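The following exchange asks how certain descriptions of a protein model are justified. Each reply sets a computed value against the criterion behind the term.

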Amino acid sequence: KKELQKIGTTIVDLKKIGEKTRRLYKLEQENKKRKEIVRLDGDEVILPPIKRGRVSEKPSQPKKQQVGQKKTAKPPTRKRRRTVDPTVDGWFPDTDDLNRRAVSKDDHSNIVRLHGLPVGVKPEHIRKFFQGLDPSLIFVLPSNKTALDGWDVQYDSYNLASAGRIKIDRCSNVFRVYVKFQSALVADAAIERSGEWIGLDKESAAIGKDGMKGAAISVSPVPKRVASYLQKNMAINCKVGVSIAETKIGIEQQLGNVIDMAWIMASKKLKIEYIITKKDLTILGKAHAFPTNSSEYKSSVTRYNSLIDLHEKIEMNLGLAMTHTFDPSCMQDPAHRITQSVSNWILDEIDFIGKLLKESRHANNFWSKSKVSDNAGMVV
């Protein structure tokens, strides 16, 4: 009886066990459909949750464009404008044209040109602008109001100020300031700072209005040949603590007419355009020609003698500064160095014309030395 009773009890409970088993099986099947949950270690990166949407049974295919239907143009993406500090004048000259016409990067020198400098800028402001690049020399060229093609950016600082486009007064586009670095690679790094702003002293006249503290400037490359010539023959080295404009004015007062002579010399050496406005200097701009007749010979003799007079005038006006000396410290003075360069160039011109005259006399046997000398007034 006990056994039958036990079996009977088990049969009764089998219904409950069967129901429980079916529930467990159903739950197990549902769990199998779920994605496996993996436990992450502390060192592993937890990825952001994936946004789930409706999963379509058929993969989406790109819609075929109907014949004759125009493609819908995507709206243009707007470029983010460069944000500028409201206390900084963000305008700077556009040097894209200069850069496009510049020589190849292999011909870049270790000297760069600055454009759009604020009025009253000093060498220390430029050194701070190029902080980390360690400029070795900052110099400015003597005045030349003619805008040089390939050298100067076209802008009028007065008109820009009148139109309210600039908040800080800028130097003229023919205010030519250059900065020298240790190598061409460093100079190329300096060019990358074009468009950044240069700060001035609080007491500066250009910066003392509307609480402005600086202005953006442009930087452009300089070819090797031009850089070498300018530094050797035309550079006015800037002085610390003195504005570049003041330094330039002081040296120009010493140079006088030598400034025009220096630019005539540069126009010939560097093949740039320069308009000679002074009649007594037109002899410097004339091209050399071999005299083939008596008239041309006399004209060359006149030019020869005029150049001698001009050279003597330079030495007399400059006085002791033109004294020929072997002291290298004399060449550190910009007025002496520029004048010496012009003087040597005029001597070369005199020597060259003298050789042409001599060859012309030998080539034309019907000229006697005494006759030519007497008519032309040239000492042979």
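Q: What makes β2 and β4 (residues 177-180) a pair of strands?
A: In this predicted model, 4 bridges in the antiparallel sense link β2 to β4. Pairing requires at least two bridges, so the two strands count as paired. Within this pairing, Arg113 stands opposite Tyr178 in β4.

Q: How many bridges join β2 to β7, and in which sense do the strands run?
A: β2 and β7 are joined by 5 bridges and run antiparallel. The criterion of at least two bridges is met, so β2 and β7 are a pair. Leu114 has Val219 of β7 opposite to it.

Q: Why is strand β2 (residues 108-115) called mostly covered?
A: Of its 8 residues, 7 are buried. Buried means under 20% relative accessible area, so 7 residues of β2 fall under that limit.

Q: Why is Val174 called buried?
A: Val174 has a relative accessible area of 17%. The limit is under 20%, and therefore Val174 is classed as buried. Val174 belongs to the loop between α4 (157-162) and β4.

Q: What is Val174 in contact with, leaving aside its neighbours within four places in sequence?
A: Val174 is in contact with Asn144, Lys145, Thr146, Ala147 and Asp152. Contact means heavy atoms within 4.5 Å, so each of these residues meets that distance to Val174. Its C-alpha atom is also 8.2 Å from that of Leu148, although the two residues are 26 residues apart along the chain.

Q: What makes β1 (88-89) and β5 (197-199) edge strands?
A: The open sheet has 3 strands in the order β1-β6-β5, with mixed pairing. β1 and β5 are its edge strands, as each pairs on one side only. β5 is joined to β6 (residues 214-216) by 3 bridges, and these strands run antiparallel. One bridge matches Gly199 with Gly214 in β6.

Q: Which residues have the most contacts inside the largest nonpolar core?
A: They are Ile126, Phe130, Trp151, Leu230, Trp263, Leu284 and Ile346, in a core of 69 residues. Core members must be buried, so Trp151 has under 20% relative accessible area. Not counting residues up to four places away in sequence, Trp151 touches Leu98, Arg113, His115, Leu141, Arg176, Tyr178, Val226, Leu230, Trp263, Leu270 and Ile272. A second, separate core has 6 residues, among them Leu98, Val153, Leu160 and Ile166.

Q: Which residues lie nearest the centre of the largest pocket?
A: Ala102, Gly150, Trp151, Pro221 and Pro223 do so, among 16 lining residues. α2 (96-101), β7 (218-223) and α6 (224-233) each give two or more residues to this lining, and β7 gives the most, with 4 residues. The pocket has a volume of about 320 Å³.

Q: How does the lining of the largest pocket divide by class?
A: It divides into 10 nonpolar, 3 polar and 3 charged residues. Gly counts as polar, so Gly150 belongs to the polar group of this lining.

Q: How many cavities of 30 Å³ or more does the structure hold, and what lines the largest cavity?
A: There is 1 cavity of 30 Å³ or more, and the largest cavity has a volume of about 40 Å³. Its lining consists of Arg113, Leu114, His115, Gly116, Leu117, Tyr155, Cys171, Ser172, Asn173 and Phe175. By class, this lining has 5 nonpolar, 4 polar and 1 charged residues. Arg counts as charged, so Arg113 is the charged residue of this lining.

Technical notes
Residues are numbered from 1 along each chain as its sequence is written. This is a predicted model: local features need pLDDT of at least 70, side-chain atom pairs count only at pLDDT 80 or more; totals for chains, interfaces and linings use all residues. Side-chain values use heavy atoms; hydrogens and water are left out. On a 1 Å grid over the protein atoms alone, a cavity is a set of points where a 1.4 Å probe fits but cannot get out, and a pocket is an open set with protein on both sides within 12 Å along at least five of seven lines; lining residues have an atom within 4 Å of a point. Grid points are joined across faces, edges and corners, and a volume is the space filled by probe spheres set on the points. A nonpolar core is a set of buried Ala, Val, Leu, Ile, Met, Phe, Trp, Tyr and Cys residues joined through side-chain atoms within 4.5 Å. Buried means under 20% relative accessible area, exposed over 50%, partly exposed in between (1.4 Å probe, protein chains only).
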